[in-house]
Every structure is written in C-alpha cells, then in structure tokens.
Amino acid sequence: MTVGTGAGLETADMVLNIGPQHPSTHGVLRLKLTLDGERVVTCEPIVGYMHRGAEKLFEVRDYRQILMLANRHDWLSAFSNELGVALAVERLMGIEVPERATWLRMALAELNRVLNHLMFLGSYPLEIGAITPMFYAFRERETLQAVMEEVSGGRMHYMFNRVGGLKEEVPAGWTERAREAIRTVRERLPDLDNLIRRNDIFLARTVGVGVLTAEQAAAFGASGPVARASGLDFDLRRDEPYLAYDELDVPVVTRSAGDCHSRFEVLLDQTYVSLDLAEQCLSRVDQISGPVNVRLPKVVKAPEGHTYAWTENPLGVNGYYLVSRGEKTPWRMKLRTASYANVQALSTLIPGCLVPDLIAILGSMFFVVGDIDK
C-alpha cells in the first residue's frame, strides 16, 4: 500500500518475513509481517516447514510403534505425548491399567511438565536479552533429567509408556531418589524466580505487551498456561480427570492480565504446583505393589470403532482421535495439539506492536513448532 504524505513524498508499507528459522521459536516458523515503520500492521503465521507428517506415519505403524512417533511432535513433552496415545488405544481396547502404573504415569507426567516449563523459563528471558536465567533453568533440568534418564534410559524421547501400562518396573530406590531431586529443585527454584520475576528490565519488556483477552483465547481454542494467563480457569486434570487425578487436589494457576508477563508467571507458578503433585504421586506409588503393565497378545489389534482421549499436556490440551478398522495399525490418528491453537492467536496479538515487542510476544506463547506441523 502506497501512502502520500502531502509533501510530494510517498511511503510504502514493508512486507517482512521473520523466518523460516528459529526467531524465538522452538522449531522452524515463518511470520509474514506488514510493517508501517517499526509498527506491525498485519501478521500471518505460516507453518509447514517442519515436514513432520506424524499423522500419516501413524497409519503405517502398529500400536506399539506409534508411541515412538508420539514422542516427537512436541519434543519437550515427550512422556505426556506417549501417555495420550496410550490412553486412546487402551480406551478403544478396553484395557484396565494396573494401579501402580497409573500413579507412576502421573508422577512421570508431572516431572515431564516441570522439565518442559523449565526450558521455557530459561529460554524466554534469553530471547529478550537475559542470559543468566538459562543457566539456572538448566541446572534444575539436569537434576530432574537424571532421575528421568535412570527410569527410562532416555533424556528426551523417553519411550517408557506402553499400551497397557509402562515398559518395566522402576529401579529399586528410584522413588526416593526422585523425591530428593524434587526437594532439591524446589529449594533452588527461588534463585530463578527472584532473578527474573520482578526484574525491572524484564517487567518493562513484558507487562502490558501482547495482551490476549479471555474471549480471544477461547475463540482461538488456546489452552494451558497461555489461556490461564488470560483468565480461562480450565485444566483437564481438575475439570475432566483422567488416570487418577480425581484423587488429587490440583491447584490451577491463573492470571487475568493476559500479557507476556502473566504468561511467564503462570508457567513459573505451575512449576511449583507440578513438583508438589509429582511428590504426592511418588508417595502413593510407594504404598502400592503389583505389576506395572498388562500382558498383551503378540499382535495388538484394536477393535473396530473410534475414541477420543485428551490430556492436559505441559503446553495445553492435547487430544488424540483414534479410528480403527480392526487392524493392527490405526486407520486414522488425528492430533489436536495445544501449540497449533496457541500460534493461531498471533494473527490477533501481534498487529499494532513494535518489531522489538514481536519477539517478546512470540516467545511468551509457549509452543513447539513440531506440535503444529503434525
């Protein structure tokens, strides 16, 4: 668009591509911006650069193999992704998982949630110029990664869920070592909290920036920390419990401002909550004996039909719609991912902001691009 200034000069809006690379994004994303000087007029998120194809790959893998694919669409929430797919298959097959496996799954899911949040709590300040929080966040991540690696053998793609429970029993004494790691992280987390939450520069960059109202969050289907920072008080662990979450009191952290700082605060405070929940789950595990999986036939076939399982993943609500025609592979496995809905809100959030604020907004939406290009 060309604009006359009345002085014989003409100016034109600039169309600028941010990406496709990693500008404050966990994965390859492209934003097509129209700029008027330094102010963004329009923003179009363009996805598809990851070429994941996970949903089609599900259709040519059997029910044991698809858990490996589920690990990878949101690589920061690998255990939670496996869990959602396993729950969908178990629901369709009518499998009842042993109680010990249920509580172990919950403990590991909450530890995975803390690991996910710590990554964003370190990387988000880094993206707007603060390097020190990253060191603190990774110190805590390593403490928890040690116990996750001990139990599963993996640091990123755990592959510890199985249809019908878990891969194997946890090592002797593992629950106490996990509790000790949780206590250590809980004691040291205020180092990160005090460093950044009330930092004057961080406040200047995030307070009142990128406001997403509750109505907008609901309209875009946003969920998780992004939605709760806008005042949407919704968490599947409390509102539609799965596993044994109905036996726990799950505090839901919310804010009302809906800006970048609120999203960061929700993520930070949720980390404390998940540490407490994981510790409660581990205490229950120690009170329960028995197997951690059920015996499956050599060839696993889900009966003909369809089901939908959804879980409160670290980044929000993930849904798994499974359609079976009675074969050993899914006929269709549709993913409803939190990141996909959260990113769509950028087209509303970013117009009107300045280019420097764009990075602050983008980083605060907490998404993994593999979770979008599914």
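Helix α4 passes helix α6 in a left-handed crossing, and that is a good place to start exploring this predicted model. Three helices, α4, α6 and α11, come up again and again below, so keep them in view. After the helices, we will visit some aromatic rings and then a few single residues.

**How α4 and α6 meet**

- The axes of α4 and α6 come within 12 Å and cross at roughly 25°.
- An angle under 35 degrees counts as roughly parallel, and that makes α4 roughly parallel to α6.
- On the α4 side, the contact is made by L104, L108, L111, L118, L121 and P125.
- On the α6 side, the partners are W174, I182, L189, L192 and I196.

**How α11 joins them**

- Two packed helices are described by the angle between their axes and the distance between the axes, so look for both values in the next points.
- Helix α4 (residues 99-127) packs against helix α11 (residues 260-287) at an angle of about 155°, and their axes are 8 Å apart.
- Angles over 145 degrees count as roughly antiparallel, which makes α4 roughly antiparallel to α11.
- This crossing, with α4 passing α11, is left-handed.
- Helix α6 (residues 174-196) also meets α11: their axes come within 10 Å and cross at roughly 165°.
- α6 and α11 are therefore roughly antiparallel to each other, and their crossing is left-handed.
- Many residues make the contact between α6 and α11, among them W174, I182, L189 and I196 of α6.
- From α11, the residues in this contact include F264, L268, Y272, L275 and L282.

**A closer look at L118**

- L118 has its place in helix α4, and its relative accessible area is 0%, so L118 is buried.
- Which residues does L118 touch, leaving aside its neighbours within four places in sequence? They are A137, E140, R141, L144, L189 and L192.
- Two of these names, L189 and L192, also appear on the α6 side of the contact between α4 and α6.
- L118 and L248 are 130 residues apart along the chain, and their C-alpha atoms are separated by 23 Å.

**Aromatic rings**

- How many aromatic pairs does a search of the whole structure find? It finds eight.
- In one of the pairs, F234 and W310 have ring centres 6.4 Å apart and planes at 50°, so the pair is tilted.
- F234 lies in the loop between α9 (224-228) and α10 (236-239), while W310 lies in strand β8 (residues 305-313), so the pair ties together parts that are 76 residues apart in sequence.
- F234 is partly exposed, with a relative accessible area of 34%, and W310 is also partly exposed, at 28% relative accessibility.
- W310 has another partner in Y308: the two ring centres are 6.1 Å apart and the planes are at 50°, so this pair is tilted too.
- Y308 counts as partly exposed, with 35% relative accessibility.
- F120, Y124, F202, F264 and F366 form one aromatic cluster.
- Elsewhere, a charge meets a ring: the charged end of R141 sits over the ring of F138, 5.3 Å from its centre.

**G319 in strand β9**

- G319 lies in strand β9 (residues 316-324).
- Is G319 buried or exposed? With a relative accessible area of 1%, G319 is buried.
- Beyond its neighbours within four places in sequence, G319 is in contact with Y308, A309, W310, K334, L335 and R336.
- Y308 and W310 in that list are the residues of the tilted pair described above.
- From C-alpha to C-alpha, G319 and N17 are 31 Å apart in space, and they are 302 residues apart in sequence.

**Two residues with positive phi**

- L243 has a phi near 50°, a positive value in a residue other than glycine.
- L243 has its place in the loop between α10 and α11 and is partly exposed, with a relative accessible area of 24%.
- F366 has a phi near 50°, again a positive value in a residue other than glycine.
- The place of F366 is in the segment after α14 (355-364), and at 1% relative accessibility F366 counts as buried.
- You have already met F366 as a member of the aromatic cluster with F120, Y124, F202 and F264.

Terms used: Residues are numbered from 1 along each chain as its sequence is written. This is a predicted model: local features need pLDDT of at least 70, side-chain atom pairs count only at pLDDT 80 or more; totals for chains, interfaces and linings use all residues. Side-chain values use heavy atoms; hydrogens and water are left out. Rings of Phe, Tyr and Trp (its six-membered ring) pair if their centres lie within 6.5 Å; planes under 30 degrees apart count as stacked, over 60 as edge-to-face and the rest as tilted. Helices (H or I, at least four residues) and strands (E, at least two) are DSSP runs, numbered from the N terminus. Buried means under 20% relative accessible area, exposed over 50%, partly exposed in between (1.4 Å probe, protein chains only). A charge sits over a ring if NZ of Lys or CZ of Arg is within 6 Å of the ring centre and within 35 degrees of the ring normal. Contact means heavy atoms within 4.5 Å. Axes are lines fitted to C-alpha atoms, for helices over the stretch in contact, and angles run from 0 to 180 degrees between N-to-C directions. Angles under 35 degrees count as roughly parallel, over 145 as roughly antiparallel, 65 to 115 as roughly perpendicular and the rest as oblique. A crossing is left-handed if the near helix is turned anticlockwise from the far one by less than a right angle, and right-handed if clockwise.
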